[in-house]
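Me: I would like to go through this structure with you. Could we take it one topic at a time?

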Amino acid sequence: MLKSMTGFGKAVVEANHLTVTAEVKSLNSKFTDIYCRIPKTFSSREIEIRNILTQQLERGKIEFNLQVQYTDTTAGTSVNRVLVQAYVKDLAETAAIFGSIETTELLKIALTMPNAFNTDAVSEEQSEAEWKVIVQAVNKAVEECNKFRLREGAIVQAKFIEYAQSIGSLLTEVEELDKTRIPGVRERLRKSVSDLLQDENFDKNRFEQELVYYVEKYDISEEKVRLRTHLDYFQTIVKEGNGKKLNFLSQEIGREINTIGSKANDVAIQRLVVNMKDELEKIKEQTSNVL
């Protein structure tokens with residue numbers, strides 16, 4: 001199943017006297033680029049969080065936000081009242097510039113600020129219990145993000161098949177036009193050969209070179225076969241969900257389309273080639289956003 005790199009997931013877990021909120025947002029990127037915003041208290045766990053995100057989300061520009069709120073002050077955790085009071089005072093002065101705000105709301109904001117809680121006295125067992133809750137929230141948020149990616153991927157997959165089939169239909173028109181193009185090419189070739197034979201300085205080697213030149217220049221049989229094969233394989237890869245292969249294959253499709261356009265030397269076929277390129281550009285725009 002095709003999976004998009006665009007996704008969003010959010011999870012809230014309440015346990016062990018704390019509420020953990022985890023949010024994950026991902027966008028397309030050639031590499032894994034992770035930005036984490038986590039409370040200073042848990043900064044030592046950032047590498048572990050990054051490992052979870054890397055393993056489960058694979059690739060993309062990933063933004064992660066973690067909020068931890070304590071529901072009571074048991075288990076050695078206490079409010080840093082002096083610092084929270086300073087936060088509330090500063091927030092009240094800032095809010096006064098824009099309008100009034102209730103003290104309760106200011107307190108809620110202050111409690112989410114860095115070092116709002118004293119956790120020096122937390123035991124190792126309590127710290128591990130809190131970490132398990134955080135991991136649970138992170139995994140749930142990532143799971144929701146992956147579900148979002150799959151939904152987006154299903155939409156992109158349908159578009160890919162639509163674009164590939166559209167190119168295939170245009171190729172069928174090219175094949176039909178090519179049947180009527182060949183007699184015209186044959187007539188031009190016959191005239192060129194006739195002119196050579198009437199020349200007193202007729203050169204057999206030149207004649208053979210001219211013949212090979214025209215045959216290679218105007219024959220698009222191989223390109224048509226390869227393009228049809230690429231399109232069929234493309235639709236197979238779409239169902240497998242391999243974005244890198246799709247990107248590579250779209251480049252191969254582009255090469256065949258360009259060659260057909262340059263060798264056909266036919267206005268009607270070249271118009272169809274332009275339409276093929278338009279559909280291919282739609283494919284290329286999407287391949288950069290799938291895993």
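Reply: The following exchange covers aromatic pairing, strand pairing and one helix of this predicted model.

Me: How many aromatic pairs are there?

Reply: The count comes to one aromatic pair. Its members are Phe-160 and Phe-234, with 5.7 Å centre to centre and 90° between the planes.

Me: Is that stacked or edge-to-face?

Reply: The pair is edge-to-face, because an angle over 60 degrees counts as such and the planes here are 90° apart.

Me: Where in the chain do the two residues sit?

Reply: Phe-160 lies in helix α4 (residues 124-198) and Phe-234 in helix α6 (residues 221-240). With these positions 74 residues apart, the pair links distant parts of the chain.

Me: Are Phe-160 and Phe-234 buried or exposed?

Reply: Both Phe-160 and Phe-234 are buried.

Me: Turning to the strands, which ones pair with β4?

Reply: Strand β2 (residues 18-27) pairs with β4 (residues 60-70) in the antiparallel sense over ten bridges, and Leu-27 stands opposite Lys-61 there. Strand β3 (residues 32-37) pairs with β4 in the parallel sense over six bridges; in that pairing, Cys-36 faces Phe-64.

Me: What is the hand of the unit that β3 and β4 make with helix α1?

Reply: Together with helix α1 (residues 46-57), β3 and β4 make a left-handed β-α-β unit.

Me: And helix α7, what span does it reach?

Reply: Helix α7 (residues 243-264) has 22 residues and reaches 31 Å from its first C-alpha to its last, close to the expected 32 Å.

Me: What follows α7?

Reply: Asn-265 follows α7, and its phi is positive, near 55°.

How values were computed:
Residues are numbered from 1 along each chain as its sequence is written. This is a predicted model: local features need pLDDT of at least 70, side-chain atom pairs count only at pLDDT 80 or more; totals for chains, interfaces and linings use all residues. Side-chain values use heavy atoms; hydrogens and water are left out. Rings of Phe, Tyr and Trp (its six-membered ring) pair if their centres lie within 6.5 Å; planes under 30 degrees apart count as stacked, over 60 as edge-to-face and the rest as tilted. Helices (H or I, at least four residues) and strands (E, at least two) are DSSP runs, numbered from the N terminus. Buried means under 20% relative accessible area, exposed over 50%, partly exposed in between (1.4 Å probe, protein chains only). Two strands pair if DSSP finds at least two bridges between them. A crossover is right-handed if, with the strands pointing away from the viewer, the path from the first strand over the helix to the second runs clockwise. The expected span of a helix is 1.5 Å times one less than its number of residues.
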